[in-house]
Amino acid sequence: MKLLTFVTTDDPAPRAGVLLGNEVVDLAELGARTGADLPTDALAYVRDPALLERAREVAADVPADLRHDLDAVTLRAPLRPGKIIGVGLNYVEHVDESARTLDTDKDLPTRPVLFSKPGTAVIGPEEAIRHNAALTSQLDWEVELAVVIGRTAFQVSREQALDHVFGYAITNDISARDQRRSGQWFFSKGQDSYAPFGPWIVTADEITDPQTLDLSLRVNGEVKQKSNTRHMLFPIAELIADIATGMTLEPGDVIATGSPAGVGAAQTPPQYLQPGDRVELEIEQIGRLANPVVAVQ
Ligand code: MG
C-alpha cells in the first residue's frame, strides 16, 4: 500500500490517502462511505497496524466517485516525523569523495555516523527548497532511502530490526555545506525545507528487498547520483539495531540511510543548487520526488 497525505483545491486541510494506480483515495471519506472509522491523519495508520489493515480492506473496492486523479490533488509530506535520524558516510564511494572535498575522515566508519534533522525541515513533493544566499552559497543534494518506523524499537536485534519498519520513502538530505560548524551538521542539514520527503510511504510488504533498490538523483534533468542500496556500508537492519541500543525509535520516526556518491561538493568543479534549479530523486519500487529550488531571504 502507498500511504500519502494530500490536499485538494477545495479543502486545504491535509488528509490521509492511498494511491491506487494513478488515483488517490481519501481514506476518511472512504471510511465514512463504508462505515469503517478511518482517520484523516496518516500517522495514525503508521501507529496502528489494525487501522492499516482496515484501510487495506476497504481500499480493495473503491467506488469511482471517491477516486481523485493524482494530478488533481496536491501531495504533502506523508507525515511529520517525530525525529529524523540521518546517517552520514554510509556508501563507500561517498566516504571517499567526502574525504577529498569535505572535512570528513578517509577511513570507513566502524560504526554508523549519526546526526539528526528536526521535523520543521520536512517538505513534501514540489514544495520549495529554500535558497537563502545570506546563509549559504553551497546548497547541496543527497538522494537517500528513508526508512519509516512503524513499531517502537528499543534494544532490538539485527534479526528482528526490520519487523519495526512500517515502510519506505525517498528523502533528499539537503545540506548547506558552508554551515557546518566545528564539525556539527545540525544547522547545515536541519534548516527549514532541507528534508524533502515523499512522495508517499510504500509499506514494507511491497518492497521485495530494501537492500537491492536503484536510486538516482537528477538536477535539471542531468544525472548526478546513481547507485543501489546494496552498497550501504551499514544495512538498514544494522542501522536500526545500532540506533536502538540507546535511543527509542518510535512510530513515524525516519532514518535517512545515507547518500551514495555524486554530491555537488564532489563534482569537478564543485556544483551547488541555485534558485531555479529542479532536483528530481527516484528510487525503484517507490517512485519519484521532485522539488524546485527557490530564492528566499
Ligand atoms: Mg546524507
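How many aromatic pairs does a search of the whole structure find? The search finds one, and since the model on your screen is a predicted one, everything on this tour is computed from predicted positions.

Begin by selecting phenylalanine 115 and tryptophan 185, whose rings form an edge-to-face pair, with 5.3 Å from centre to centre and 75 degrees between the planes. If you then colour the chain by its elements, you will find phenylalanine 115 in strand E7 (residues 113-117) and tryptophan 185 in the loop between strand E13 (175-176) and helix H6 (186-190), so that the pair links distant parts of the chain, 70 residues apart. Are these two residues buried or exposed? Both phenylalanine 115 and tryptophan 185 are buried.

Keep tryptophan 185 in view and add lysine 189, which lies over the face of the tryptophan ring, at 5.9 Å from the ring centre.

Next, turn to the empty spaces inside the model, where the search finds two cavities of 30 Å³ or more. The largest has a volume of about 140 Å³, and among its 20 lining residues, those nearest its centre are His94, Glu142, Arg177, Trp185 and Lys189. Strand E6 (84-88), helix H4 (92-101) and helix H6 each give two or more residues to this lining, which comprises five nonpolar, eight polar and seven charged residues.

Finally, select Pro81, Ile84 and Phe197, which are among the residues that line the second largest cavity, a space of about 60 Å³. Strands E12 (165-172), E14 (195-203) and E17 (254-256) each supply at least two residues of its lining, where seven residues are nonpolar, two polar and two charged.

Terms used:
Residues are numbered from 1 along each chain as its sequence is written. This is a predicted model: local features need pLDDT of at least 70, side-chain atom pairs count only at pLDDT 80 or more; totals for chains, interfaces and linings use all residues. Side-chain values use heavy atoms; hydrogens and water are left out. Rings of Phe, Tyr and Trp (its six-membered ring) pair if their centres lie within 6.5 Å; planes under 30 degrees apart count as stacked, over 60 as edge-to-face and the rest as tilted. Helices (H or I, at least four residues) and strands (E, at least two) are DSSP runs, numbered from the N terminus. Buried means under 20% relative accessible area, exposed over 50%, partly exposed in between (1.4 Å probe, protein chains only). A charge sits over a ring if NZ of Lys or CZ of Arg is within 6 Å of the ring centre and within 35 degrees of the ring normal. On a 1 Å grid over the protein atoms alone, a cavity is a set of points where a 1.4 Å probe fits but cannot get out, and a pocket is an open set with protein on both sides within 12 Å along at least five of seven lines; lining residues have an atom within 4 Å of a point. Grid points are joined across faces, edges and corners, and a volume is the space filled by probe spheres set on the points. Ala, Val, Leu, Ile, Met, Phe, Trp, Tyr, Cys and Pro count as nonpolar, Asp, Glu, Lys and Arg as charged, and the others, Gly among them, as polar.
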